[in-house]
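Please open the structure in your viewer and set the display to a cartoon representation. The tour below proceeds by selections, each followed by a description of what is found there.

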Amino acid sequence: MPEYADDRAAIVELMSRYAQCCDRREFDAVGDCFTDDAQAEYSGKRLPRGVRHIVAHMAPLARLAASQHVVGSVTVEVVGDHATASSYTVAHLVRPVDDGHEVVHRGLHYADRLVRTGDGWRISERVHQVLWSTSTPTTWPVPRFTTTPQPQPAS
């Protein structure tokens, strides 16, 4: 059983690394999470096969002021050198709008197929699905936090 625990931990780490690399705009490192011939589908759009297409698809994240992907509820099934994983992620995306900024909150589901390589586990197929989305105005850049309540504008 320790082998499964090690594999599961490595796969969950890979999913977290993917999320953090997206948020840090480290797109080469995003690519390192996939096999060279990976297949991916994002929000119903099936990309051409190959990691370079996945990286190119993710690159527009750089236009956002900030993002934070929080990965949770991960299930993993390992059979030899292959695995499947299902995970939920809440993504917070800060983007400019006409009169300032808004934060888009999205509930995501990832269905992944993975393969063990000489460099560790890599995603060979990813299906990304948006389950829900909402947005609210936000202040950007984020003001300095204080413990004193700030006055709210009159409605």
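The stops that follow begin with the sheet and end with two tryptophan residues.

**The sheet.** Bear in mind throughout that this is a predicted model. Select the strands to begin. Six of them make up an open sheet, in the order β2-β1-β6-β5-β4-β3, and the pairing is mixed. At the edges lie β2 (45–46) and β3 (66–79), each of which pairs on one side only.

**Strand β1 and its partner.** Select residues 34–42, which form strand β1. This strand runs parallel to β6, and five bridges join the two. For a single pair to display, choose Ala-40, which stands opposite Arg-126 in β6.

**The helix on the sheet.** Add residues 51–58, helix α3, to the selection. Which strands does helix α3 touch? The helix packs on the sheet with contacts to β1 and β2, and its direction makes about 50° with that of β1.

**The hairpin.** Move next to β3 and β4, which run antiparallel and are joined by 12 bridges. Within this pairing, Gly-72 has Tyr-88 in β4 as its bridge partner. The two strands, β3 and β4, form a hairpin with two residues between them. Select Gly-80 in the turn and inspect its backbone: phi is positive there, at about 65°.

**The nonpolar patch.** Keep Tyr-88 selected and add Val-70, Val-90, Leu-131 and Trp-132; these residues form a nonpolar patch on the surface. Together they have about 440 Å² of accessible area. Which elements give two or more residues to the patch? They are β4 (82–97) and β6 (120–138).

**Trp-132.** Now isolate Trp-132, a member of the patch that is found in strand β6. Its relative accessibility is 42%, so Trp-132 counts as partly exposed; buried would require a value under 20%, and exposed one over 50%.

**Trp-140.** Finish in the segment after β6, where Trp-140 lies. Trp-140 also counts as partly exposed, because its relative accessibility is 35%. Which residues is Trp-140 in contact with, leaving aside its neighbours within four places in sequence? Display Ala-65, Ala-66, Val-94 and His-101, which are those contacts. As a last selection, pick the C-alpha atoms of Trp-140 and Val-12: these residues are 128 apart in sequence and 32 Å apart in space.

Key. Residues are numbered from 1 along each chain as its sequence is written. This is a predicted model: local features need pLDDT of at least 70, side-chain atom pairs count only at pLDDT 80 or more; totals for chains, interfaces and linings use all residues. Side-chain values use heavy atoms; hydrogens and water are left out. Patches are made of residues with over 30% relative accessible area and no salt bridge: like charges are joined within 9 Å, nonpolar side chains (Val, Leu, Ile, Met, Phe, Trp, Tyr) within 5 Å. Accessible areas come from the Shrake-Rupley method with a 1.4 Å probe; for residues, only the protein chains shown count as cover. A salt bridge is a side-chain nitrogen of Lys or Arg within 4 Å of a carboxyl oxygen of Asp or Glu. Helices (H or I, at least four residues) and strands (E, at least two) are DSSP runs, numbered from the N terminus. Buried means under 20% relative accessible area, exposed over 50%, partly exposed in between (1.4 Å probe, protein chains only). Two strands pair if DSSP finds at least two bridges between them. Contact means heavy atoms within 4.5 Å. Axes are lines fitted to C-alpha atoms, for helices over the stretch in contact, and angles run from 0 to 180 degrees between N-to-C directions.
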